[in-house]
Amino acid sequence: MIYLNYAALCPALAAAEDEVERTLAEFRRYLYSDAGIEWYLRKVQECRHKVGALLHVSDPSTIAFTTNASTAHYLTLSSLKWEPGDTILTTTHENPSITKQLRALERDGVRVHAVKPASLQAFLQTLEARVNEPGVKAIVMSHVSHVDGRVFPVHDVASLARARQCLVIIDGAQAVGHIPVDLDALDFDGYFFAGHKWCQGPLGTGAMVMREGFFAHSRYRGIEGEHLGESPAGSFEIGTHNIGLIAGLAEACEHRHQPGIDTEPQRTFRETAKSLLGGHRNCRFMEWQGPHAPGILTFRGADDLDHGAFARRLASEAEIVVKSFVDYPEDDAPAIRLSWSATMDQRDWLKGVTEIAQRLGS
């Protein structure tokens, strides 16, 4: 199988999987004895430091572990008191699980307005106009689009939001481990990501970084539940967590942090893919005049191409796995997304992209 869907799920690093098993074996010696609880708390703190190093978070106590990005988003929204007439600004490029949670708030009278990122300049202009409207309380958006990898101007967005006293909540699922992320340099309230994507951590892992301003905000109402941590962020770690998975995520983050994130190999792959696919007049790339993450390339085929069927044929006939967008997101479907890791076999990658290009031309 040639796997070109890393934006959905990356294979876990062997070192991360080994760390899961090693940590659970060590924990079995203690379990939830007094000594076990002390060991658990020390281990979690150690893991916070490792994740914080990758994200450039100087205060690891602001990090909370969760099971995935969608859960982190749900916990964040649920800890805020929304009122009828409130408006949340977002984009048309959000993950369906995030969009579903936002739309659920509409039942309580909250308005959700999704801005289409047609171009970098137009996106910021539209967002600035919208954020000045009465009732806007938060901006909830991705750092990197899962649709086509465009990198959103989160620093500019944060500046707009701060000037209007809006909360800034960012989904970093497609950013962390994919591109350099420096959260100490970013003004935000909440930032979350999944460990099983570009970090190549275990399934069922993720983390959220919650700033002090979030807990001091007038709309914050808290999270009900028991937790072992003493920091405000620790209140999101409800109940008993799998310490092995947390350690596996921390190990994956450390592996990403130690050599630094080198985007050039993936960027070279992306330019080569554009060259191979771009030779077909019916192939149109989904891009904007702004930065793009290097491991994602999304394109549309001919108007009469059934993109969903095309993706299924690639899987069944050529054993090539891609992501198809058939009726989502707004105005950006149908399309095919290719995504890859810098560590994947270059021969497999080239074989897969070449096969896709040939099938587009047939």
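## A walk outward from H178

Leaving aside its neighbours within four places in sequence, H178 is in contact with W198, I261, T263, Q266, A293, P294, G295 and I296. That is a good place to start in this structure, which is a predicted model. Where does H178 lie? You'll find H178 in the loop between strand 6 (167-171) and strand 7 (190-194). Being in a loop doesn't tell you about exposure, so check the accessibility too: H178 comes out at 0% relative accessibility, and because anything under 20% is called buried, H178 counts as buried.

Now step back to the whole chain. The secondary structure comes to 11 helices and 13 strands. The radius of gyration is 21 Å, close to the 21 Å that the globule rule gives for 362 residues, so the chain is as compact as a globular protein of that length. If you'd like a box around the C-alpha atoms, think of roughly 65 × 55 × 35 Å along the principal axes. How much of the chain is buried? Of the 362 residues, 53% count as buried. On the outside, the chain exposes about 15,700 Å², and carbon and sulfur atoms supply 49% of that area. As for how the chain comes together, take the contacts between residues at least 6 apart in sequence: 72% of these join residues at least 24 apart.

Next, the rings. A search of the whole structure turns up 17 aromatic pairs. One of them is F27 with W39, a stacked pair with 5.3 Å centre to centre and 20° between the planes. This pair links distant parts of the chain: F27 belongs to helix 1 (residues 14-27), W39 to helix 2 (residues 34-55), and the two are 12 residues apart. Are these rings buried or exposed? F27 is buried, with a relative accessible area of 13%, and W39 counts as buried as well, at 6% relative accessibility.

For an edge-to-face arrangement, look at F188 and Y191, whose rings sit 6.0 Å centre to centre with 65° between the planes. Why call the pair edge-to-face? Because the angle of 65° falls in the range over 60 degrees that earns that label. Both partners are buried: F188 has 1% relative accessibility, and Y191 has a relative accessible area of 0%.

Going back to F27 and W39, there is a wider group to trace. Ring pairs link F27, Y30, Y32, W39 and Y40 into a cluster. A ring can also have a charged partner, and here K274 lies over the face of F285, at 5.7 Å from the ring centre.

Last, a couple of backbone spots to look at. Most residues other than glycine have a negative phi. Which way does Q165 go, positive or negative? Phi of Q165 is near 60°, a positive value in a residue other than glycine. Q165 is found in the loop between helix 6 (154-163) and strand 6, and Q165 counts as exposed at 69% relative accessibility. Strand 6 may ring a bell: the loop that holds H178 runs between strand 6 and strand 7. E319 is another case, with a positive phi of about 55° although E319 is not a glycine. To find E319, go to the loop between helix 10 (307-317) and strand 11 (320-321).

Note on methods
Residues are numbered from 1 along each chain as its sequence is written. This is a predicted model: local features need pLDDT of at least 70, side-chain atom pairs count only at pLDDT 80 or more; totals for chains, interfaces and linings use all residues. Side-chain values use heavy atoms; hydrogens and water are left out. Rings of Phe, Tyr and Trp (its six-membered ring) pair if their centres lie within 6.5 Å; planes under 30 degrees apart count as stacked, over 60 as edge-to-face and the rest as tilted. Helices (H or I, at least four residues) and strands (E, at least two) are DSSP runs, numbered from the N terminus. Buried means under 20% relative accessible area, exposed over 50%, partly exposed in between (1.4 Å probe, protein chains only). A charge sits over a ring if NZ of Lys or CZ of Arg is within 6 Å of the ring centre and within 35 degrees of the ring normal. Contact means heavy atoms within 4.5 Å. The radius of gyration is taken over C-alpha atoms; the globule rule is 2.2 Å times the number of residues to the power 0.38. Accessible areas come from the Shrake-Rupley method with a 1.4 Å probe; for residues, only the protein chains shown count as cover.
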